[in-house]
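Hi everyone, thanks for making time for this. I'd like to walk you through two surface patches and one backbone oddity, so let's bring up the structure.

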Amino acid sequence: MKRRNIDNVKARRPIKRNKLTEGLYGNNNFIYTKFFVFWAFILMADFILEFRFEFLWPIWLVIRSFYDSFKYQGFAFSVFFIFITVTSDMICYLFIPVHWLFFAASTYVWVQYVWHTERGVCLPTVLLWFLFVYVEASVRLKDLRHLPAHMDLCRPFAAHCIGYPVVTLGFGFKSYMSYRIRLRKQKDVAKENEFYMKLLVEALPEEQQELYDKQKKCLRKSK
């Protein structure tokens, strides 16, 4: 009787799934199918209307970033952020060849769009990324007919799709470096405090030094 209960408990244990295969189960199939259908619909609209509609998504991102920077960091920083973004867009517009600009912009938009779902690196995400890169490299980059007729109109948007991520990566790198510098300063200050604390303890009488050592040991044990 006990053996049966143990077997039932073991049988009821949930199966552990790693993060790579987690995307193949549950509602994730529907989510990635929806992404694929949306991607195919946008590509069809691009071919029919001869306009790259995916280039409009980074415009929405920069508007949202401008609103957040204005809300949390003030108007001056928001204007500075827009100025840096426009400068980066102009550099991409002038110095990147048109075919590579359109290829990089479309690839980045779709890869970033799937990454924004916050599903992490799983098998369906990687498969979609490979599909996006394959279609852009083997079909749209090689065939000149897939460039939009209104290329002059789409080119600034394509430049923004590359210039805006460069700016965000630059700000992210700056934040990371400032964080590392702040941690280093904190460590240096902590070492100086420990040195001066040792000098103060050594200046105390022996009884108080022993009392201080006991209190320090108790604090370490409590942690």
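A quick word on terms before we start: buried means under 20% relative accessible area, exposed means over 50%, and partly exposed is anything in between. Please also keep in mind that this is a predicted model.

With those cut-offs, take glutamate 50: its relative accessibility is 36%, so it counts as partly exposed. You'll find glutamate 50 in the loop between H2 and helix H3, which covers 57-73. And here is the oddity I promised: what is phi of glutamate 50? It is near 60 degrees, a positive value in a residue other than glycine.

Now step back to leucine 49, which belongs to helix H2, residues 28-49. Leucine 49 has 55% relative accessibility and therefore counts as exposed. It also has company, because a patch joins nonpolar side chains within 5 Å. Met44, Phe47, Ile48, Leu49, Phe53 and Leu56 together make a nonpolar surface patch of about 580 Å².

Let's move on to the charged patch. Which residues form the positive surface patch? They are Lys198, Lys214, Lys216, Lys217, Arg220 and Lys221. Helix H8, residues 206-222, gives the most to this positive patch, with 5 residues.

One residue to look at there is lysine 221, which sits in helix H8. Is lysine 221 buried or exposed? Its relative accessibility is 75%, so lysine 221 counts as exposed.

That's my tour; I'm happy to rotate the view if anyone wants another look.

Terms used
Residues numbered from 1 in each chain as written. Predicted model: local features only at pLDDT ≥ 70, side-chain atom pairs only at ≥ 80, totals over all residues. Heavy atoms only, no water. Patch = residues over 30% accessible without salt bridge, like charges linked within 9 Å, V, L, I, M, F, W, Y side chains within 5 Å. Areas by Shrake-Rupley, 256 points an atom, 1.4 Å probe, with all protein chains shown as cover. Salt bridge = Lys/Arg side-chain N within 4 Å of Asp/Glu carboxyl O. Lys, Arg positive; Asp, Glu negative; His and termini not counted. Charge placed at Lys NZ, Arg CZ, Asp CG, Glu CD. Helix = DSSP H or I, 4+ residues; strand = E, 2+ residues; numbered from the N terminus. Buried < 20%, exposed > 50% of the residue type's maximum accessible area, 1.4 Å probe, protein only.
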